[in-house]
Amino acid sequence: MARHDFINKEPGKRSSKKQAPPKKPFPVLLVLLTMLLVGGFSFGLWYVKNNADPKLVEQQANPTQPTVKVEPAKPRPPEFIKEIKEHEIQVEVKELEQKGPYVMQCGSFRTHGQAETLKAEIAFAGLIAEIRETTGTNGIWYKVRLGPYKTKRLAESDKNKLKRSKITGCGIWLWT
């Protein structure tokens, strides 16, 4: 391969003259518009100064009368608001009849051991349960019950306490 001498080589011929950008024309229209706006503004100021009412100008420059502060009148409430405040409502209060004592049953089991386990879980929740043995057509059942409660609201309160302790499936019935 041949060796090239890049150091002594003369650069290629280029035109050293750059083309100058074309000159923009003088913005005659813009200058005329600017002069027209400045002249119009100056004329407007002169016109206001020379044609103002001298009495009003003197009064604004030297106020002779002291300014009187006028306090706005306090708003009055409408008449219907007074009527509402003075109006009395009569309500009949009916006493709700208590249906009777309620009992909550949380489980019914075939073996006494299962009933004792649920009773212990209820005791850990802070409530006292009892186990009742009943004989039916299909054998002996052990029922875990709580109560009696005077109102259903009290029974619901204990039921919610048991739900927080993960004991579900309790039912509330009238105690007969």
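How many salt bridges does the structure hold? Just one. Keep in mind as you click around that this is a predicted model.

**Stop 1: the salt bridge**

Select Arg 132 and Glu 130, and show their side chains. These two form the salt bridge, with the closest N and O atoms 3.3 Å apart. Now switch on the surface and look at each partner in turn. Arg 132 has a relative accessibility of 35%, so it counts as partly exposed. Glu 130 is partly exposed too, with a relative accessible area of 34%.

**Stop 2: a nonpolar patch**

Next, select Phe 26, Val 28, Val 31, Leu 32 and Met 35. Together they make a nonpolar surface patch of about 530 Å². Zoom in on Met 35, which you'll find in helix α1, the stretch covering residues 28-50. Is Met 35 buried or exposed? Its relative accessibility is 57%, and exposed means over 50%, so Met 35 counts as exposed.

**Stop 3: the largest pocket**

Here's a handy idea before the last stop: rolling a probe the size of a water molecule over the atoms shows where empty space is left. Now select Leu 96, Glu 97, Gln 98, Lys 99 and Tyr 102, then add Thr 151, Lys 152 and Arg 153. These residues line the largest pocket. How much space lies in there? About 150 Å³. Try colouring the lining by residue class: you should get two nonpolar, two polar and four charged residues.

Key
Residues numbered from 1 in each chain as written. Predicted model: local features only at pLDDT ≥ 70, side-chain atom pairs only at ≥ 80, totals over all residues. Heavy atoms only, no water. 1 Å grid on protein atoms, 1.4 Å probe; cavity = no way out; pocket = protein on both sides within 12 Å on 5 of 7 lines; lining within 4 Å. Points joined across faces, edges and corners; volume = space filled by probe spheres on them. Nonpolar A, V, L, I, M, F, W, Y, C, P; charged D, E, K, R; others polar. Salt bridge = Lys/Arg side-chain N within 4 Å of Asp/Glu carboxyl O. Buried < 20%, exposed > 50% of the residue type's maximum accessible area, 1.4 Å probe, protein only. Patch = residues over 30% accessible without salt bridge, like charges linked within 9 Å, V, L, I, M, F, W, Y side chains within 5 Å. Areas by Shrake-Rupley, 256 points an atom, 1.4 Å probe, with all protein chains shown as cover. Helix = DSSP H or I, 4+ residues; strand = E, 2+ residues; numbered from the N terminus.
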